[in-house]
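Student: I have a new model on screen. How should I start reading it?
Tutor: Start with the core, then look at helix shape, then pockets.

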Amino acid sequence: MEVLLKNSHFLLEGVINTLLLSISCLCIALIAGIGVGVLQMAKNRLISSIARGYAELFRGLPIVITLFIVFFMLPELGIYVNSYISAMIALSVWSSSNISVAVRGAIQSIPPTQFEAAHSLGLSSMQTMRYVILPQAFRRMLPSIIGLLSNLVQSTTLSVLIGNLDFLKSAQLVIERVEIMQGGSIAFQIYVLVLLVYFVICYPLSIWAKRLERSYR
């Protein structure tokens, strides 16, 4: 407890960084994922193929590979960003590809009569998607998005590999500091704390997603 109290400020900073990274990634991924999901339903075969290729590529790649590609590729292109921004870009790309698949499935689940009724009222394809289809589809894909948020919080731990200071990295630094200054090891206790914090964050999200899925069913 003495070690935790002395390092509580540092550990809390790691928790906040983890939550900020998760929320910022989800906001970016929602916008990009909805756009890519809608483009996958485009009548133009080239556009739909590119959108589906994007989704399948980044869903199929391990997140670690995407992290390394972004972290090491951007400086080669003359774009220099820190590890936090690199992690945000990589996780947003991964999340948006998953959200786009959920969006496509939700749109496909809407009865074709909804499209026909909207067109018969004189709505354009863009207006039909914006005012008729997406509001209904969003309700159906909401459980998947909340479940993805839980996975996203867990996946932020991988950003440690490119030097991002998240909660796991903060915990590791506390362990190293104690070992150097006091000579003992509290790795087990600290990692139990990490486990409990991630559980407290992720478990309610999983329960919420399951309840939404049952209610919408």
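Tutor: This is a predicted model. Its largest nonpolar core has 51 residues. Leu152 and Val174 have the most contacts inside that core.

Student: Which elements give two or more residues to this core?
Tutor: They are α2 (8-39), α4 (63-76), α5 (83-109), α7 (125-155), α8 (167-182) and α9 (187-216). The largest share comes from α7, with eleven residues.

Student: What does Val174 touch, leaving out residues up to four places away in sequence?
Tutor: Val174 touches Val3, Asn7, Phe10, Leu11 and Ile190.

Student: Now helix shape. How do I read a bend?
Tutor: Compare the end-to-end distance with the straight-helix value, at 1.5 Å a residue. α7 has 31 residues, and a straight helix would reach 45 Å. The end C-alpha atoms of α7 are only 37 Å apart.

Student: Where in α7 does the kink lie?
Tutor: It lies at Ile133, shortly before Pro135. The kink is about 50 degrees.

Student: Next, pockets. What volume does the largest pocket have?
Tutor: Its volume is about 420 Å³. The lining has 14 residues. Closest to the pocket centre are Val38, Met41, Ala42, Ser125 and Met129.

Student: Which elements give two or more residues to that lining?
Tutor: α2, α6 (112-120) and α7 do. α7 gives the most, six residues.

Student: So which helix should I keep in view?
Tutor: Keep α7 in view. It gives the largest share of the core, holds the kink at Ile133, and gives the most to the lining of the largest pocket.

Methods. Residues numbered from 1 in each chain as written. Predicted model: local features only at pLDDT ≥ 70, side-chain atom pairs only at ≥ 80, totals over all residues. Heavy atoms only, no water. Core = buried A, V, L, I, M, F, W, Y, C linked by side-chain atoms within 4.5 Å. Buried < 20%, exposed > 50% of the residue type's maximum accessible area, 1.4 Å probe, protein only. Helix = DSSP H or I, 4+ residues; strand = E, 2+ residues; numbered from the N terminus. Contact = heavy atoms within 4.5 Å. Expected span 1.5 Å × (residues − 1). Bend = angle between axes of the 7 residues up to and from the residue. 1 Å grid on protein atoms, 1.4 Å probe; cavity = no way out; pocket = protein on both sides within 12 Å on 5 of 7 lines; lining within 4 Å. Points joined across faces, edges and corners; volume = space filled by probe spheres on them.
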